[in-house]
Amino acid sequence: MSQKLKVGILGATGMVGQRFISLLEDHPWFEVVTVAASPRSAGKTYEEAVGGRWKMTTPMPEGVKKLEVLNVNEVEKVAATVDFVFSAVDMTKEEIKAIEEAYAKTETPVVSNNSAHRWTPDVPMVVPEINPEHFKVIEFQKKRLGTTRGFVAVKPNCSIQSYAPVLTAWKEFEPYEVVATTYQAISGAGKTFKDWPEMEGNIIPYIGGEEEKSEQEPLRLWGKIEDGVIKKAESPVITTQCIRVPVLNGHTAAVFVKFKKKPTKEQLIEKLKAFSGLPQELQLPSAPEQFIRYLEEDNRPQVAMDVDYENGMGVSVGRLREDTVYDYKFVGLSHNTVRGAAGGAVLCAELLKAQGYIQAKE
């Protein structure tokens, strides 16, 4: 592509905003030209606004250091500078809903990391390898918003990325009952050990709102568009527990599954290895070549060894075995701030661009 699309990051100073900026450095299709954040950061350079709060392990990209931070609430001003925006704003759910729709109404597509619009009936919530067809609901959303090119699209919760793709790969065997316990990294709360020292050597058996998301959002991914809205699937029934553990990056899930059609272990592993989708077919810039890999070793996947698989965009699965109560059990691992957050949103934007939903404004 000769000319890159101009991108804005809403909520650019927070952890997910920082991850967006890191992932988009040298992106072949997109260029960050605008950073927006709360009024207290507005008017400063990005480097000044973030200060000592840069949480990535790689240095802050030179290209954003001197960008002036705009006030995220000045919607028209921010929107005028970009072709589309990524949203990682830190506000109440109602405020996020309102501001994301306000940007969409300026004819600026919004690809959001936030949960506010995940259950808005005509907003697609997409993992590009699983349900890219849900982007078709955008045409109905545009009619509601009164826009020609502006819309909101979202990606799902970070915790489900370690098991929802696996269950999707196995759908022909009809999983109908699932128990999942997720062991979730502290970066999922926007924290590092420096700002959350009480997590060192500790486990907290509660993450607000997380269990409902982990049980319900996969059903929306597997749903269908009916009458201009997305209707969630009825099965499988999923029950979860979500636990915060002393890990910086990487959500691990221990999962038990019952199937209507009894597969062999070899069939299940083969389906994982063969599973791919539109991102792989189109060779999108952020797409993992092998979305799901299966590890034979008894002690894998491990966060320390496997979290950055496929640059954090792939899912690692291991310990698949028959169970005495359920049919099978396995362990899955995904990178919560790459595939589970900013990276998943970047991949959505790449697919939206490839399909013509996001284009240059001029």
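**Group meeting: a helix, a tryptophan and two cysteines**

Okay, let's start with Leu 272, which sits in helix H9, residues 265-274. Keep in mind that this is a predicted model.

So how buried is Leu 272? Its relative accessible area is 0%, so it counts as buried. Look at what it touches beyond its close sequence neighbours: Val 166, Ala 169, Trp 170, Gln 290, Ile 292, Tyr 294 and Val 317. Take Tyr 294 from that set. It is 22 residues away along the chain, but the two C-alpha atoms are separated by 7.0 Å.

Now zoom out to the helix. Leu 272 has buried company in H9, namely Leu 268 and Ile 269. Those three cover an arc of only 95 degrees around the axis, so they are on the same side of H9. If you want the textbook background, an α-helix has 3.6 residues a turn, so residues three or four places apart point the same way.

And what covers those buried residues? The cover includes helix H7 (164-169), along with strands S11 (251-259), S12 (292-295), S13 (315-322) and S14 (328-334).

Next stop, Trp 196. You'll find this one in a loop, the one running between strand S7 (175-184) and helix H8 (210-221). Is Trp 196 buried or exposed? With a relative accessible area of 14%, Trp 196 is buried, because the cut-off is under 20%. Leaving out residues up to four places away in sequence, Trp 196 touches Ile 186, Ala 189, Lys 191, Ile 204 and Arg 244. For a sense of distance, Thr 181 is 15 residues from Trp 196 in sequence, and their C-alpha atoms are 23 Å apart.

Last topic, and I know somebody will ask: how many disulfides does the structure hold? Zero. Just as a reminder, a disulfide is a covalent bond between the sulfur atoms of two cysteines. Why is Cys 158 not in one? The closest cysteine sulfur to that of Cys 158 belongs to Cys 242, and at 9.2 Å it is too far for a bond. Looking from the other end, Cys 242 is in no disulfide either, and its nearest cysteine sulfur is that of Cys 158.

What about exposure of these two? Cys 158 has 12% relative accessibility, so it counts as buried. Cys 242 is buried as well, with a relative accessible area of 1%.

That's my tour. If you have the model open, go back to H9 and look for Leu 268, Ile 269 and Leu 272, the buried residues we talked about.

Definitions and conventions
Residues are numbered from 1 along each chain as its sequence is written. This is a predicted model: local features need pLDDT of at least 70, side-chain atom pairs count only at pLDDT 80 or more; totals for chains, interfaces and linings use all residues. Side-chain values use heavy atoms; hydrogens and water are left out. Helices (H or I, at least four residues) and strands (E, at least two) are DSSP runs, numbered from the N terminus. Buried means under 20% relative accessible area, exposed over 50%, partly exposed in between (1.4 Å probe, protein chains only). Contact means heavy atoms within 4.5 Å. A disulfide is a pair of cysteine sulfur atoms within 2.5 Å. The arc is that of the directions from the helix axis to the C-beta atoms.
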